[in-house]
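Welcome, and please open the model in your viewer. We will go from stop to stop, with something to select at each one.

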Amino acid sequence: MCGIAGYIGARSAQEVVLDGLRRLEYRGYDSAGLVLHKNGKLHLEKYAGRLSVLEGHIHKNGLGAAHLGVGHTRWATHGAPTDKNAHPHMGCGGKFAVVHNGIIENYAKLRGELRSRGHEFYSETDTEVIPHLLEEAYEGDLGAAVAKVAKRLQGAYAIAVVAEDDPHTLVAYRQYSPLIIGLGEGENFLASDIPALLPYTRRTVVLEDGDLAILTTEGVRFFNDGEQVEKKILHVTWDEVAAEKGGFSHFMLKEIHEQPRALRDTISPRIIAGRTNLATEIGLTKEVASSIRRVVVVACGTAYHAGLVGKNLIEQMARLSVEVDIASEFRYREPVLDPEDLVIIISQSGETADTLAALREAKRQKCRVVAITNVVGSSVARESEHVLYTMAGPEIAVASTKAYTTQLAAVTLIAIELGLARGTLSSAKAEQLLSDLLQIPALVEEVLLQSDYIRDVALCLAQSESVFFIGRGLDYSVALEGALKLKEISYIHAEAYAAGELKHGTLALITPNTPVVCLFTQTHLQEKMVSNVEVVRARGAKTFVLSNCHPQVTASLHDMEIRLPAIDPLLAPIVAVVPMQLIAFFAAVARGADVDKPRNLAKSVTVE
Ligand code: F6R
């Protein structure tokens, strides 16, 4: 989604802002722009397309050194990705420049009012109402004008503003969309996400809803609702190198290979002397666990798929009924919740607008909420009473990989803890599962060693129009994630089906040579699965089997087979998804797709 980077200080604002925007490229965008305050004037450059287009124009036009600037990468919501609609936007007089993430919901009404007062609009964006409103609100104090304008805006947004009349100030305001201030010595920074700040400072302040920040070279002042407020400084420990490609061709490939480390960091600290420590970490004590009547998991996309695995595990281990909901559906359905429900919110970024709304709804209905997130200081983390952090480190590629497997590890730990505390999982089984869980990073390493063969499988699928993924039980949940990965980065149509469900309609689409990826990790379902695979092979399908069952089970069932290491079926999803991530990656590369920044997609979806 859109990115914001801003700077005030002695360095070249152009360089810092462009560097910041480059570090936010992973969020997905379709146009880019920046404004610099130089020689008492605002200089604007903005273009549809990649940052390189903007950089080309800047170099051609020779903007030169300036010490105050703000830039933006736009992911179109209102108006097509064109030069005109790119940010910053500047009102009629060109005295203010505004960049904005999020959506101004009442922009049409504001635009009508402003037009009736003589303002002329240049773009089709919702954002452009802001500089026009600033023209009316400004009386020599930029912070006061932004605060006044913010009162008129509805929706979720983060904005950064500079004024031609004020070369010493950069103002930022947050309402539901993330914005982070980076604190320096004689210089200050702002950005919509932490990676943009990493080369310059580790001292950050995460703005809360309604916070206004006034940045000068001397410092940053924070206000909320007209009152000056003190903010907590958060020290970011993320390593800058962790946000670089580190020798890999793509962030996605690097992140797939980081999974053993990410899993180790997520699992090991939570297992102490053969027991989990979630009772202390997220308050899942015996009393709490026995008072829970139902579990509701809410998330989007890949995180939702992690929730589906969680449902299966929690139901099996803790004998609790679990519902899993897509956050964008949940929030408008007037969900029936009960204070005895445990609501598990899963979000890598912790900023997904729909997931955040679901969290707020669960809190409003007084449920116990546990959030699983990867980002310390994110909105989900700050608003949840209990947070289980995945230790994936920064995930830059749009397609989620290490966040997903660490989310699986987190839900597995919760299921084991709930099962133990409720007496529905024997200590012996829990001990075995925890000990196996500690082996998972090594098993993922084993799968990664098969990358060359997995690439061969991917090349067989790469030119197909449509690929099916089938499995039963937990394998079906993982198949959904495998299909999503293939769709989003290779643009091959892919569908995941519960293998037993194919015959109820979808089998009509299986024709000679249709590729079908078949998962075999659920030993108790393997015979059923064999029949389901026979059925697609009888229709001429090409079958690509992922299996850790005895080789004889699948010997006559595959065109190609990826062997998976042996593991308890309850833990198999964490390992089984890895070859599917690699298949999607290699197929996308073979098709020449922009793997890390797939078309139309954004990393952190902060709009509805
Ligand atoms: C797909 C993907 C998305 C996200 C979804 C939720 O690879 O990454 O489906 O999982 O947008 O994002 P978070 O987890 O940040 O809430």
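**Where two domains meet**

Between domain 1 and domain 2, three residue pairs are in polar contact, with both residues of each pair at pLDDT 80 or more. On the side of domain 1 that touches domain 2, the residues divide into 10 nonpolar, three charged and no polar. Keep in mind as you look around that this is a predicted model.

**Stop 1: colour the domains**

Give each domain its own colour: the assignment for the protein chain places domain 1 at 3-242, domain 2 at 250-443 and domain 3 at 450-592. Now look at domain 1 and domain 2, whose centres, taken over C-alpha atoms, are separated by 34 Å. To their contact, domain 1 brings 13 residues and domain 2 brings 15 residues. About 1,100 Å² is buried between domain 1 and domain 2, and 59% of that area lies on carbon and sulfur atoms.

**Stop 2: select R382 and E208**

How many salt bridges are there between domain 1 and domain 2? The count is two. Show the side chains of R382 and E208, and you will find a salt bridge with its closest N and O atoms 3.0 Å apart.

**Stop 3: select the cysteines**

A disulfide is a covalent bond between the sulfur atoms of two cysteines. In this model the disulfide count comes to zero, and two cysteines let you see the reasoning for yourself.

Start with C367. Why does C367 form no bond with C300? C300 holds the closest cysteine sulfur, but that sulfur is 18 Å from the one in C367, which is too far for a bond; the cut-off for a disulfide is 2.5 Å. With a relative accessibility of 10%, C367 counts as buried.

Move on to C460. Is C460 buried or exposed? The answer is in between: C460 is partly exposed, at 44% relative accessible area. For C460 the closest cysteine sulfur belongs to C518, and because the two sulfurs are 14 Å apart, they are too far from each other for a bond.

Technical notes. Residues numbered from 1 in each chain as written. Predicted model: local features only at pLDDT ≥ 70, side-chain atom pairs only at ≥ 80, totals over all residues. Heavy atoms only, no water. Domains from an automatic or database assignment. Contact = heavy atoms within 4.5 Å. Buried area = accessible area lost by both parts, 1.4 Å probe. Salt bridge = Lys/Arg side-chain N within 4 Å of Asp/Glu carboxyl O. Polar contact = N/O pair within 3.5 Å; in protein donor to acceptor, adjacent residues only side chain to side chain. Nonpolar A, V, L, I, M, F, W, Y, C, P; charged D, E, K, R; others polar. Buried < 20%, exposed > 50% of the residue type's maximum accessible area, 1.4 Å probe, protein only.
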